[in-house]
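Please open the model in your viewer and keep the sequence panel beside it. The tour below goes from one selection to the next and says what is found at each stop.

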Amino acid sequence: MLKFNKLALAALLLMLAAAGGCIFSPTDVPPCTDCNPAPTIQFPDSEDKLMANFQYIYETMDYQEFRKMLDPNYITVLQQSTQTDFPDVGETLDLEEELRIHDRMFSKQDVTDPLGNLIAGVQTIQFQTFQRVGVWATSPANDTIPNARYALYSVQFLFDRGQENSTLKVTGNIKFYVTSRDSIVNGTPKPYFRMVGQVDLTEDQ
């Protein structure tokens, strides 16, 4: 799960537990039909393709593809500050908790917090920065998420909740962990990568 500011994180955890185009001269050049194809889901046979899918899934708020992307053993490791502020949440979020959170977040619907206050639903998600820092490596056996491929990403995400509500910003770093299994595509063996975890290293807002 991506960490919002303190208020937004409390709301999520406790209540959930510019189009491109082709420029041409109409007098002498016909419009191209695929000069800037829209992003879409790729077969995730590499770590980087999986992460491109991750961005696409968040920006389109596609819950069904989000489900497919996560490994059954998925966990999110929360920051110590989050654990301190919300001790009932625990140190991690498992697959079931993440699916419940994202099902509601991607629905764009308003929800209420435990005190009955209305919390505006997220309407759009924009990735302003999503840059891998360094290379993919394999986590050691004593890692929180062992024997997986991992990389650190520098991120800045905007969660827009509509014109009358504040936009939530996530800035900092997230360590992403991925794993793969063997698959066959058109008779060719290929790895199939899924996300198995995140470690939240973003800035407290």
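The pLDDT is the predictor's confidence in each residue, on a scale from 0 to 100, and a contact here means heavy atoms within 4.5 Å. With those two terms in hand, colour this predicted model by pLDDT and select residues 18-29, where the value stays under 50 and where the model has 7 contacts beyond four places in sequence.

Next, select the whole protein chain, whose mean pLDDT is 84, with 80% of its residues reaching 70 or more. Among the elements, helix H1 (residues 6-16) has the lowest mean pLDDT, 48, whereas H2 has the highest, 98. Within residues 9-14 the pLDDT is below 50, although this stretch has 21 contacts in the model beyond near neighbours in sequence.

Switch to a cartoon view and follow the chain from the N terminus, along which the elements run α-α-α-β-α-β-α-β-β-β-β-β-β, giving 5 helices and 8 strands. If you then display the surface, the chain exposes about 11,300 Å², of which carbon and sulfur atoms supply 49%; of its 205 residues, 40% count as buried.

Now select strand E6 (residues 149-160) together with strand E7 (residues 168-185), which run antiparallel and are joined by 11 bridges. One place to zoom in is Arg 149, whose bridge partner in E7 is Val 178. Adding strand E8 (residues 188-202) to the selection shows the antiparallel pairing of E7 with E8 over 14 bridges, including the one in which Ile 184 has Pro 189 of E8 as its partner. The hairpin of E7 and E8 has 2 residues between the strands, and Asn 186 takes a positive phi near 50° there.

Which residues touch the most other members of the largest nonpolar core? Show side chains for Met 51, Phe 54, Phe 106, Phe 130 and Met 195, which hold that place among the 31 residues of this core. The elements that give two or more residues to the core include helix H2 (47-60), helix H5 (95-106) and strand E5 (124-138), as well as E6, E7 and E8. Centre the view on Met 51, which, leaving aside its neighbours within four places in sequence, is in contact with Phe 130, Trp 136, Tyr 153, Phe 176, Val 178 and Met 195.

As a last stop, select Val 77, Tyr 177, Val 196 and Val 199, which are among the 6 residues of a second, separate core.

Conventions:
Residues are numbered from 1 along each chain as its sequence is written. Side-chain values use heavy atoms; hydrogens and water are left out. Two strands pair if DSSP finds at least two bridges between them. Helices (H or I, at least four residues) and strands (E, at least two) are DSSP runs, numbered from the N terminus. A nonpolar core is a set of buried Ala, Val, Leu, Ile, Met, Phe, Trp, Tyr and Cys residues joined through side-chain atoms within 4.5 Å. Buried means under 20% relative accessible area, exposed over 50%, partly exposed in between (1.4 Å probe, protein chains only). Accessible areas come from the Shrake-Rupley method with a 1.4 Å probe; for residues, only the protein chains shown count as cover.
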